[in-house]
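Thanks, everyone. Please pull up the structure and keep the sequence alongside.

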Amino acid sequence: MSVTPGQTIGGYEVLRKEPLEHMEGEYIELVHTKTSARHIHIACPDDNKTFGVLFPTVPKDSTGVAHILEHVVLAGSERFNVRDPFFSMISRSLKTFMNAMTASDATVYPFSTRNTKDFFNLLEVYLDACFFPRIAEDSFKQEGHRFEFTDAGDPNSNLIYKGVVFNEMKGAMATPAAVLGRGIGKALFPELTYANNSGGAPENIPDLTWEQLRNFHAVHYHPSNAHFFTYGDIDLPVVLQAIEKQVLSKFDRIEVDLTIPDVNRFAEARFHELSYALGKDENHAKKSQALVGWVTSRVSDSFETLALSILSRVLLGNSSSPLQKALIDSGIGEALADGTGLHRSFREAVFAAGLKGIEPQDAAKVQDLVIDTLEQLVTEGIGKEQIDAAIHQVEIEEREVSNAGAPYGLIVFMTLLRGYFYGGDPYKSLRFDEDLDAIKAQMAKGAFFEDLIRRWMLDNTHRSLIVVSPDYDLENKTLAAEQDKLAKIQASLSQQEKQTIVEDAARLKDAQEAKQDLSSLPTLELSDVPAISDDVVGRYVDVSSNRIGFYSLPTNGLTYIDIRADFSQLDDELKDYLSLFSSAVPKMGTSDEDYAKLAQRIAASTGGISAGNSVRPLASGGGFLQSWQISGKSLARNHAAFISILNDLLTSVDFEPKRLKDVLGQLKGQKEASVVPAGTNYAMLLASAQLSRPSVLNERIDGLSSVGLIKRLVEDNDMSTLIDKMDRIRDYLFRANNLQICVTSDGRDEEELRGLIETLLSNLPSDVASGKEEALKPRMLKPQARTTSVPVAFNAKVFSTVGYTHPDAPALKVLAPFMRQTYLHRELREKGGAYGGFALSDGEGGSFSMASHRDPNITRTFQVFDDAVAEVSKGDIDREDIKEAILTVCGAIDPLESPDIKGKRRFFGDLAGYTVELRRAFKQSVLEVGEEDLRRVADTYLAEGKAALATISNPEMVAKANEDMGNIFEISAI
């Protein structure tokens, strides 16, 4: 439908229409005349349709009201009066994304799907949830916080807190990165909403009342405060009519003023100190971080925000960037501090820079170094090549239309938000050519970026030095304070109040266990499931025993190259070092130029180069691919420069001692910071390594074994031995007869690319390297526990099953979401208080996992895992539940892909034997799974199968669980 400004569509007035050439689409902005609800639609040919609604939410404390409301809103509404419509819809949909997120000043509810029927099903549920939620008191207690006794039926046992968000935030705030992230708001916006923890501070969450939650919804979730968004090839009038009919026609406009004022600027710089918990048995050296932060321009000013974004890239974007280089080369710390860069998630942008892995007394040195470096840049000037490279990176990001990491429609939504509800121009956020041209014009007149540094940093007194240091008794003090508070509350309770807590717990448990009638929820049918997407056709060329695959796809002028090297015959002892090798190669220099010069070339000519490892079982069974891979992308005009960089890395990468030591320190910081956020993945790797050969290798390269190795290498500081290992890995991998190369582009320069790649291959040695691979052996089947400073647990139980082509593999794949939706979610999240509980069947790896995330329990959770298997074996199985599990699996079999993903998925999938034909046959078998299939595979592989256990938690929780479970765990510290 063609629209014009001033036109009326239903209850909406079209305010604006603008072209979006790089999306082959249009920007359409509307307002609802009755309620003043705003709506932006991006009309484009993308079949992955996206919806979102955003509400500015401005908490005045750290009780987590906005975050808890986000959970409770999705826990039942007027039309869909079921306990958990959000999680129920996950299994009734082919969604490509479905979630809700709470930021520091807004809450957003987005989803996307390629199925039109599914889009309107989800739209119905999301609209009713946001605007007509039940906000039941029991939902508040389940998701937010509640009192229970340790023995729920015994009022004489100890009183405890329970609640999903309460436990989630205990885990979320257990890292220095999280503490520092919250510290930025406290330090720089002390009088505004950003000083509060919108997610909820665990010590403050119990102060929130049900009535306060309801009042917060009434004010913040009115249509007059709503910002709608739609994207893709959808019929806009039909969508607008649905929103009008279901929601907007039932409301009148109200005055909602949730404006956040500008911060009162500091007259002089300040200092802000914070602590995070670290165990007494952990290494105490260099565990602090220092970050220097400034409040700069309003993010609604698109010109200033773009200029600051480019400046941040100039200063910090790569290894050659002057501020990053000065910080890392100083030796004061190990890596850039968490929070380093430009933050556009506040009403006024924050620029920050600093170091982690420092001694607390060196914080002032970090601040001095940052300021001195900026002073030097203003005095001596910034190199034009640095600025040109930063602008080049921005231009690549504008051109790239990718679903990597998140659906592109969601990325567009998040991009325009700053202009959407902070009072700026959302369109400029998507198409910044005008601002970029203005910046280039200012650059032509003089020292534009140098003046920007002077204005927003050196002459800006609204600055704070934020220091985060470990407190080795904080965990104990926090727990003692919580227990003391609960003991005082329990002592003050009357007998009637105690009995009420017992009765509430029993009522909530009954409600959680009651069979839900989900008939009111919309659903897809199996007949709505499409066949596997059309095949991606490639052209293959063999050069010197190396296969090159060319895939011609609509990449919008970008070229993606992925080079695989086999490491199966690499000396076994060297495989442990592949994580460091992958991190180091793109960050090192070569025999002809140092790392800074090479980093500058990479930034100027590519969209980035990265490397990684994968261990993938073959579809045929019996073996597995061991792949080291280096990947990058560039614009077509930079093909020669791009492949020249790849050539230099593969033929002459130089592991210079000082640079390798710096990279090692940075990797240590990254791995240590990943333990809590990725705790469940680490636990699953730890368990799986007890069962299969490829899992042993995966755990060694990417699991906690790698975390421990990197920490030891930093402590040993033996660069000579380490460089020898890096050289040996390089010499083995980078051989002309050991590579497979995937090229995905728009196809216009294929012959040029082939010639450049053939030249690269001709420059590599072609000798056959021999290694000393040893037979990989799974660990002895012994439950594993790892301890660290975290107040929750990450639990995993993994069973050995069968591979992809086995007749039982489709049923196992369906069994996983079936168990999650019918048992694990209820028992682990709703009743147990874990942030998440799920099951996963890895058809390629031949394993079946049950796991929990940010879980307050260990012993109980492993009992739930056992009970879940018994429930399938003996309980009733509803055909509707099977259908929903099948829908979930079908969505995963045929995932959302963009051109940058499709080529390499086909190329590397074929290498491992996962052909399109095999995937189609697997999907057809999934569609045919029935009740008896689920019982059979549960009994065969889970009830009687070989299982491995693992948990990651604090020493006290692990010790208690080990005692409860008969001292089964082998325990060590991370």
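I'll go through one histidine, one short helix and two helix pairs. Keep in mind that this is a predicted model.

Start with histidine 227. It sits in strand 11, which covers residues 227–232. Is histidine 227 buried or exposed? Its relative accessibility is 9%, so it counts as buried; the cut-off for that is under 20%. Now the side chain. It reaches the backbone oxygen of asparagine 225, at 3.4 Å. And what does histidine 227 touch, leaving out residues up to four places away in sequence? The list is Arg38, Gly52, Val53, Leu54, Pro56, Tyr420 and Phe421.

Next, helix 10, residues 322–329. Which of its residues are buried? Pro322, Leu323, Gln324, Leu327 and Ile328. Those buried residues pack against several elements. Among the helices are helix 9 (302–316), helix 11 (363–380), helix 12 (384–399) and helix 23 (657–674). The strands are strand 14 (335–336) and strand 16 (348–358). After helix 10 comes glycine 331, with a positive phi near 75°.

Now the helix pairs. Two packed helices are described by the angle between their axes and the distance between the axes.

First pair: helix 29, residues 809–831, and helix 30, residues 859–874. Their axes come within 10 Å and cross at roughly 140°. Why call helix 29 and helix 30 oblique? Roughly antiparallel needs an angle over 145 degrees, and the crossing here is roughly 140°. Helix 29 and helix 30 are therefore oblique to each other. The crossing of the two is right-handed. On the helix 29 side, the contact is made by Leu815, Phe818, Met819, Tyr823, Leu824, Glu827, Leu828 and Lys831. Helix 30 brings Arg860, Thr861, Val864, Phe865, Asp867, Ala868, Val869, Glu871 and Val872. By class, that contact has 11 nonpolar residues, 1 polar and 5 charged.

Second pair: helix 31, residues 879–893, and helix 33, residues 916–927. The angle is about 170°, and the axes are 10 Å apart. Helix 31 and helix 33 are therefore roughly antiparallel to each other. Who makes the contact? From helix 31, Ile886, Val889, Cys890 and Ile893. From helix 33, Arg919, Phe922, Lys923, Val926 and Leu927. This contact divides into 7 nonpolar residues, no polar and 2 charged.

To recap the pairs: helix 29 and helix 30 are oblique, while helix 31 and helix 33 are roughly antiparallel. That's the tour.

Key. Residues numbered from 1 in each chain as written. Predicted model: local features only at pLDDT ≥ 70, side-chain atom pairs only at ≥ 80, totals over all residues. Heavy atoms only, no water. Helix = DSSP H or I, 4+ residues; strand = E, 2+ residues; numbered from the N terminus. Buried < 20%, exposed > 50% of the residue type's maximum accessible area, 1.4 Å probe, protein only. Polar contact = N/O pair within 3.5 Å; in protein donor to acceptor, adjacent residues only side chain to side chain. Contact = heavy atoms within 4.5 Å. Axes fitted to C-alpha atoms, helices over the stretch in contact; angles between N-to-C directions. Parallel < 35°, antiparallel > 145°, perpendicular 65-115°, else oblique. Left-handed = near helix turned anticlockwise from the far one by under 90°. Nonpolar A, V, L, I, M, F, W, Y, C, P; charged D, E, K, R; others polar.
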